[in-house]
Amino acid sequence: MTVNECHPNHIAHKVPVGISACLLGDNVRFNGGHSRSLYCLGPLAEYFEYHKFCPEMAAGFGTPRPTMRLEGDPDQPRLVFSNSTDVEITEQLTSANERYLDNMPELDGYIVMKNSPSCGLERIKVYQENGHPHMRRVKGLFTQALEERFPLLPIEEDGRLNDPLLRENFLLRVFAHHEFRHTVLNALSMKNLIDFHSRYKYVVMAHSQPAYKSIGRLLSGQEKMPIADLTEEYFRQFMQALAKPAKRKNHCNVLMHLVGYLKKEVDSHIRQDILNVVEQYRRGEVNLTTPTTLLYHYLKLYGSEYVKEQRYFAPYPQALGIRNTV
Ligand code: SF4
């Protein structure tokens, strides 16, 4: 059994993910072209069921169309055509955004196109009267509305998916969001919530010790809450904990904890060999897949069901090769 086979629900069906339509090769850009993403259409398409949307086409601007840009107050930028800045088109776009968001299917992630005043995730310029951009950069108007409506939804920009750590973090969050929705939100019970947390305990620990402790307190029953409120608060803290990539030293911590589960069954020389590989990972000589694969090999033989089911070992399909890059 590989680490992937112990979590078949990850690959039982495709995960619904929203995407800027131009990234799938639709000719919807201002110039009539597209921005096809080979990574989105290649490896990710094996696991993601895409729901595409082009805010500017939905707003009726058509293609080809003049380029657009943001202007004015970075807190409330106006969308204008770059060649006729006195024509206000903000409302046309934001209405289309709202219509889409009102009817958006349940998704577990969203991939947006960089540098777009509608879809960009960050660093979008807001031009001032003097013709120069404001020092502050903002999100595109669609992405900002998406984030406001669904603050826990993992959102990433196609270009940032080239960064191994950001890619790893995005995929981890998408698959975790999907699992939570299916196993907890759609079947609300204390047991399902506790079971989920038991599987994800070491994933949370790898991302944030304070969040790990805070979630532990939340679930210990100290704070009396109705199950729906407790689940909502858990999900909020959980997704926030995962919002940033886990640090190498935190992974080492988790790996050392997990080696502890072999204390009784495995010879100290073997445990030392595993710890040596963890040290190699700490020094950056090997990637994360090396210590996790070695450790899982022994836990599979000698570990309890609890530790074998830890999502930490397979938070996303192994075939994506993510842990070979971080
Ligand atoms: S970046 Fe967004 S608005 Fe622009 S073409 Fe792509 S999907 Fe449409």
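This report describes a predicted model of one chain, from its overall build to selected residues.

## Overall build and confidence

The chain has 326 residues, and 48% of them count as buried. Twelve helices and eight strands make up its secondary structure elements. The C-alpha trace spans about 75 × 45 × 35 Å along its principal axes. Taking the contacts between residues at least 6 apart in sequence, 69% join residues at least 24 apart.

The mean pLDDT of the chain is 94, and 96% of the residues reach 70 or more. Residues 1-9 are a stretch where pLDDT stays under 50. For residues 1-9 the model has 24 contacts beyond four places in sequence.

## The ligand shell

The ligand is surrounded by 13 residues. The closest are Cys22, Cys54, Glu56, Met113 and Cys119. By class, the shell around the ligand holds eight nonpolar, two polar and three charged residues.

Glu56 also appears among the contacts of Met68. Met68 lies in strand S3 and has a relative accessible area of 10%; a residue under 20% is buried, so Met68 is buried. Besides Glu56, Met68 touches Phe61, Leu79, Val80, Phe81, Ser82, Ile89 and Pro117, residues up to four places away in sequence being left out. For one of these, Ser82, the C-alpha atom is separated from that of Met68 by 5.1 Å, with the two positions 14 residues apart along the chain counted as their distance in sequence.

## Helices H7 and H8

Helix H7 covers residues 209-219 and helix H8 covers residues 227-241. The two pack at an angle of about 170 degrees, and their axes are 10 Å apart. Angles over 145 degrees count as roughly antiparallel, so H7 is roughly antiparallel to H8. On the H7 side the contact is formed by Ala211, Ser214, Ile215, Leu218 and Leu219. These residues meet Leu230, Glu233, Tyr234, Gln237, Phe238 and Ala241 in H8. The contact of H7 with H8 comprises eight nonpolar, two polar and one charged residues.

Ala241 of H8 is in addition one of the residues touched by His207.

## Three residues in helices

The table lists three residues with the helix that holds each one and the relative accessibility.

| Residue | Helix | Relative accessibility |
|---|---|---|
| Glu147 | H4 (residues 141-149) | 30%, partly exposed |
| His177 | H5 (residues 164-183) | 7%, buried |
| His207 | H6 (residues 190-207) | 13%, buried |

What does His177 touch, not counting residues up to four places away in sequence? The contacts of His177 are Leu107, Asp108, Leu152, Leu153, Pro154, Phe235 and Met239. With a relative accessibility of 7%, His177 is under the 20% limit and therefore counts as buried.

His207 touches Asn169, Leu172, Ala241, Leu242, Lys244, Pro245, Ala246 and Asn250, again without residues up to four places away in sequence. The C-alpha atoms of His207 and Asn250 are separated by 6.9 Å, and the two residues are 43 residues apart along the chain.

Glu147 is in contact with Leu121, Lys139 and Ile155 when neighbours within four places in sequence are left aside. Its relative accessibility of 30% falls between the limits of 20% and 50%, so Glu147 counts as partly exposed. Between the C-alpha atoms of Glu147 and Pro226, 79 residues apart along the chain, the separation is 27 Å.

## Backbone geometry

Most residues other than glycine have a negative phi, and most peptide bonds are trans. Three places in the chain are described here against that background.

The peptide bond that joins Thr63 and Pro64 is cis, with omega about -5 degrees. Pro64 sits in the loop between helix H2 (55-58) and strand S3 (68-71), and S3 is the strand that holds Met68.

Asn115 is not a glycine, yet its phi is positive, at about 65 degrees. Asn115 belongs to the loop between strand S6 (110-112) and strand S7 (126-127). Is Asn115 buried or exposed? Its relative accessibility is 57%, which is over 50%, so Asn115 counts as exposed.

Arg123 likewise has a positive phi, about 60 degrees, although it is not a glycine. Arg123 is found in the loop between S6 and S7.

Conventions. Residues numbered from 1 in each chain as written. Predicted model: local features only at pLDDT ≥ 70, side-chain atom pairs only at ≥ 80, totals over all residues. Heavy atoms only, no water. Axes fitted to C-alpha atoms, helices over the stretch in contact; angles between N-to-C directions. Helix = DSSP H or I, 4+ residues; strand = E, 2+ residues; numbered from the N terminus. Parallel < 35°, antiparallel > 145°, perpendicular 65-115°, else oblique. Contact = heavy atoms within 4.5 Å. Nonpolar A, V, L, I, M, F, W, Y, C, P; charged D, E, K, R; others polar. pLDDT = per-residue confidence, 0-100. Near = heavy atom within 4 Å. Buried < 20%, exposed > 50% of the residue type's maximum accessible area, 1.4 Å probe, protein only.
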